[in-house]
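This report describes one protein chain, going from the overall fold to the core and then to single residues.

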Amino acid sequence: MKRNPTFVDLFCGAGGLSHGAVAAGWRCALAVDCWADALRTYAHNFPGHMTWQADVSDLTSSMLAKMVDGEVDWVV
């Protein structure tokens with residue numbers, strides 16, 4: 001069985017881009033934003049998605065790899 005492609009949503013805000021990607025059949029592996037209010041809204045809109053409050057300038061590829069389960073197809 002073919003798996004749905006996965007993505008990490010950086011600067012996710014309330015989840016507009018995630019909404020479109022999920023509607024297209026993609027699976028969100030992680031949503032990241034530094035603004036706590038935006039992440040609370042995102043979590044309300046997408047209760048099953050993992051969120052992480054962080055400044056993306058502090059992220060490394062190894063940190064992201066530890067946060068997601070498996071390979072990610074797209075980082076936005």
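What percentage of the 76 residues in the chain is buried? The model is a predicted one, and in it buried residues make up 33% of the chain.

**Fold and dimensions**

Three helices and four strands form the secondary structure of the chain. Read from the N terminus, the order of these elements is β-α-β-α-β-α-β. The chain is as compact as a globular protein of its length, because its radius of gyration of 12 Å is close to the 11 Å that the globule rule gives for 76 residues. Along the principal axes, the C-alpha atoms fill a box of roughly 35 × 25 × 15 Å.

Among the contacts with a separation of 6 or more, 46% join residues 24 or more positions apart.

**Surface and charge**

The exposed area of the chain is about 4,800 Å², and 58% of that area is supplied by carbon and sulfur atoms. The side chains include 5 positive and 8 negative ones. The centres of these two sets are 8 Å apart.

**Nonpolar cores**

Which residues make up the largest nonpolar core? This core has nine residues, namely V8, L10, A29, L30, V32, A54, L59, L64 and V68. Two or more of its residues come from each of β1 (6–10) and β2 (27–33). The largest share, three residues, is given by β2.

One member of the core is L59. With neighbours within four places in sequence left aside, L59 is in contact with L10, V32, W52, A54 and L64. Of these partners, L10, V32, A54 and L64 are listed in the largest core.

A second core, of eight residues, lies apart from the largest one. Its residues include F7, L39, Y42 and F46.

**Single residues**

Four residues outside the listed core are placed as follows. S61 lies in helix α3, which covers residues 61–67. A43 belongs to helix α2, residues 36–45. F11 and D69 are loop residues: F11 is found between β1 and α1 (16–23), and D69 between α3 and β4 (74–75).

Their accessibilities are set out below.

| Residue | Relative accessible area | Class |
|---|---|---|
| S61 | 64% | exposed |
| D69 | 70% | exposed |
| F11 | 61% | exposed |
| A43 | 34% | partly exposed |

The cut-off for the exposed class is over 50% relative accessible area, and the partly exposed class lies between that value and the buried limit of 20%. At 34%, A43 therefore counts as partly exposed, whereas S61, at 64%, counts as exposed.

What is the sign of phi at F11? Phi of F11 is near 55°, a positive value in a residue other than glycine.

**Distances between residues**

Three C-alpha separations relate some of these residues to other parts of the chain. D69 and L30 are 39 residues apart in sequence, and their C-alpha atoms are 9.3 Å apart. L30 is one of the residues of the largest core, while D69 is exposed. For A43 and A29, the separation is 14 residues in sequence and 13 Å in space, C-alpha to C-alpha. A29, like L30, is listed in the largest core. S61 and K2 are 59 residues apart along the chain, with 26 Å between their C-alpha atoms.

Notes: Residues numbered from 1 in each chain as written. Predicted model: local features only at pLDDT ≥ 70, side-chain atom pairs only at ≥ 80, totals over all residues. Heavy atoms only, no water. Rg over C-alpha atoms; globule rule 2.2 N^0.38 Å. Buried < 20%, exposed > 50% of the residue type's maximum accessible area, 1.4 Å probe, protein only. Contact = heavy atoms within 4.5 Å. Areas by Shrake-Rupley, 256 points an atom, 1.4 Å probe, with all protein chains shown as cover. Lys, Arg positive; Asp, Glu negative; His and termini not counted. Charge placed at Lys NZ, Arg CZ, Asp CG, Glu CD. Core = buried A, V, L, I, M, F, W, Y, C linked by side-chain atoms within 4.5 Å.
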